[in-house]
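Here are some exercises to work through with the model open beside you. Try each task on your own before reading its solution.

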Amino acid sequence: MATAPREGNLQAPTRHNVNWKDADYFNEDSLNKELERVYDLCHGCRRCVSLCQSFPVLFDLVDESPTMEVDGVDKKDYMKVVDQCYLCDLCYMTKCPYTPPHEWNIDFPHLMLRAKAVKFKRGEVRKRDKILTSTDTVGKLAGIPVVVNFVNASNRSSTMRNVLEKTLGVSARAHVPEYHSNTLEKQQSKHKGLSADKARAGEKTTGKIALFATCYGNYNEPSIGRDIVSVLEHNDIPVSLVDKEQCCGMPKLELGDLEAVERAKNANIPALAAMVDAGWDLIAPVPSCTLMFKQELPLLFPEDENVKKVANAFYDPFEYLAQRNKEGLLKTDFKTEVGKVSYHVACHQRVQNIGPKTRDVLSLIPGIEIDTIERCSGHDGTYGVKQETYDFAVKIGRPVVNRIKKNEPNYYTSDCPIAGHHLANILDDGSSPTHPMSLLRLAYGLGD
């Protein structure tokens, strides 16, 4: 007699490799069959309805169909669900009771990735999306001296933003980051840091850091990178930027351009692996980039030993500081109080399964009061700037903003700097977010 399926997992979710090099991966009939199977199971559960717009869209399609079941949904509408997914991974990591090793084997984010990859291969991608995800190219062009002034002035001009919305589909109401010609790479080239031979190894850490600046950290907000360097060097940790760095590939992953992800991998991994071989630990200031190296690339390229090596050496910045504290190597000579802090936990940090390391380290600051907010900000890469999804991004982020307002903090912060600015944009009160590393630097009393 057949046994009924278990209601949910009693074990931690496990991830399967993404077999995107298999011919069946891009087979549209096979994809639609799997989408129908998973959509039907999601329809019968509906626990993820509050996470993002993908699930309300799916359930509306079902409820408005002639049969009120997934078999009544036109397969042409399947992609409407896919278009709302920004690969935050929260459904897989925090909500779904049917992830592997459950027999139903649901990995909704990676199924959405497969659908995005098929859509990209069909050429059904807007020029805007190709531009927005070409972060290296845009950063280099926008960061050219003189050009950078025009770009930043245009981004502050309501007239130019309206033109950009009509021509390219970038919402005139969305926050777009500034660009800097004096990049983090340029600033660090003039910085005389600690000698690598001064590193003090701990039980798990080598005590010297190779910083993967990221496109955002290099071109848009180099101050975060400077704060990271300042805090690490205050704790006697030598820092070096990674040579020959390119975009981590996460924006192209969101687009479904897996070949571009592979090109980025081929450019970055050799340089990062060389740093690991030389005894350096790795960090990045943006959680999405850290997740790319720790999780996504190993699943996309499981046979690449250098990818595994890099993944094993990569830390979230506060994961690293927490480990140094555990090893008795983190200073707690704080000089400045920061008061009440509303701390938004970025999705791509939560799904790294490292625990609340940012909160733990910030809690070392005397007198600090931390209100931890574990909800999505709604920005998530390009989703929060597209004209057609901006309102959804605001809707998703509104509960976080309401918590910030209720807490009336001295500072509000997020591990993801882009999410922080999105929340500030929703707040619309003239305030600005303060990155957690900037808070730590402030508490240490470290100057420029």
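## Exercise 1: a bent helix

Helix α14 bends by about 30° at N268, and a proline, P270, follows within four residues. This is a predicted model, so please read every value here as computed from it.

**Task.** Find how many residues α14 has and how its reach compares with the expected one. Then find which of its residues are buried and what comes just after the helix.

**Solution.**
- Step 1: α14 runs over residues 258-277, which gives 20 residues.
- Step 2: From the first C-alpha to the last, α14 reaches 27 Å, close to the 28 Å expected at 1.5 Å a residue.
- Step 3: The buried residues of α14 are L258, A260, V261, A264, K265, N268, I269, A271, L272, A273, M275 and V276. The bend residue, N268, is thus on the buried list.
- Step 4: One of these buried residues, K265, has its charged end over the ring of F301, 4.6 Å from the ring centre.
- Step 5: Just after the helix, G279 has a positive phi of about 95°.

## Exercise 2: classifying ring pairs

**Task.** Work out how many aromatic pairs the structure holds, and how the pair of Y39 and Y78 is classified.

**Solution.**
- Step 1: The count of aromatic pairs is 11.
- Step 2: A pair of aromatic rings is described by the distance of the centres and the angle of the planes.
- Step 3: For Y39 and Y78 the centres are 5.2 Å apart and the planes stand at 80°, so this pair is edge-to-face. The cut-off used is that planes over 60 degrees apart count as edge-to-face.
- Step 4: Y39 belongs to helix α1 (residues 28-43) and Y78 to helix α3 (residues 78-82), so the pair ties together parts that are 39 residues apart in sequence.
- Step 5: Y39 has 1% relative accessibility and therefore counts as buried. Y78, at 2%, counts as buried too.
- Step 6: Try the reasoning again on Y315 and Y320, whose centres are 5.0 Å apart with 80° between the planes: this pair is edge-to-face. Both Y315 and Y320 are buried.
- Step 7: Ring pairs also link F55, F59 and F108 into a cluster.
- Step 8: For a charge over a ring, look at R114, whose charged end sits over the ring of Y25, 5.7 Å from its centre.

## Exercise 3: the nonpolar cores

**Task.** Find how many residues the largest nonpolar core has and which of them have the most contacts inside it.

**Solution.**
- Step 1: The largest nonpolar core has 77 residues, and those with the most contacts inside it are Y39, F108 and M112.
- Step 2: Helix α14 gives this core its largest share, 8 residues.
- Step 3: Take M112 and leave aside its neighbours within four places in sequence: M112 is then in contact with L35, Y39, V81, V82, C85 and L87.
- Step 4: A second, separate core holds 33 residues, including I209, Y315, V341 and V345.

## Exercise 4: a covered helix and a buried histidine

**Task.** Is helix α21 mostly covered or mostly uncovered, and what do its surroundings include? Then find which residues H344 touches.

**Solution.**
- Step 1: α21 (residues 417-427) is mostly covered, with 9 of its 11 residues buried.
- Step 2: Those buried are P417, A419, G420, H421, H422, L423, A424, I426 and L427.
- Step 3: The cover over them includes α11 (215-220), α12 (222-234), β5 (340-344), α20 (390-407) and β7 (411-414).
- Step 4: H344 lies in strand β5, and at 2% relative accessibility H344 counts as buried.
- Step 5: Not counting residues up to four places away in sequence, H344 touches I373, R375, C376, S377, V400, T413, S414, D415, A419 and L423.
- Step 6: The C-alpha atoms of H344 and A419 are separated by 8.7 Å, although these residues are 75 residues apart along the chain.
- Step 7: After α21 comes D428, with a positive phi near 55°.

## Exercise 5: buried or partly exposed?

**Task.** Decide whether D89 counts as buried or exposed, then classify K186 in turn.

**Solution.**
- Step 1: D89 is in the loop between α3 and α4 (90-95). Its relative accessibility is 3%, so D89 counts as buried.
- Step 2: Beyond residues up to four places away in sequence, D89 touches R15, P109, Q295 and V351.
- Step 3: K186 lies in helix α10 (residues 184-189). At 39% relative accessibility, K186 counts as partly exposed.

Notes
Residues numbered from 1 in each chain as written. Predicted model: local features only at pLDDT ≥ 70, side-chain atom pairs only at ≥ 80, totals over all residues. Heavy atoms only, no water. Helix = DSSP H or I, 4+ residues; strand = E, 2+ residues; numbered from the N terminus. Buried < 20%, exposed > 50% of the residue type's maximum accessible area, 1.4 Å probe, protein only. Expected span 1.5 Å × (residues − 1). Bend = angle between axes of the 7 residues up to and from the residue. Phe/Tyr/Trp six-rings, centres within 6.5 Å; stacked < 30°, edge-to-face > 60°. Lys NZ or Arg CZ within 6 Å of the ring centre and 35° of its normal. Core = buried A, V, L, I, M, F, W, Y, C linked by side-chain atoms within 4.5 Å. Contact = heavy atoms within 4.5 Å.
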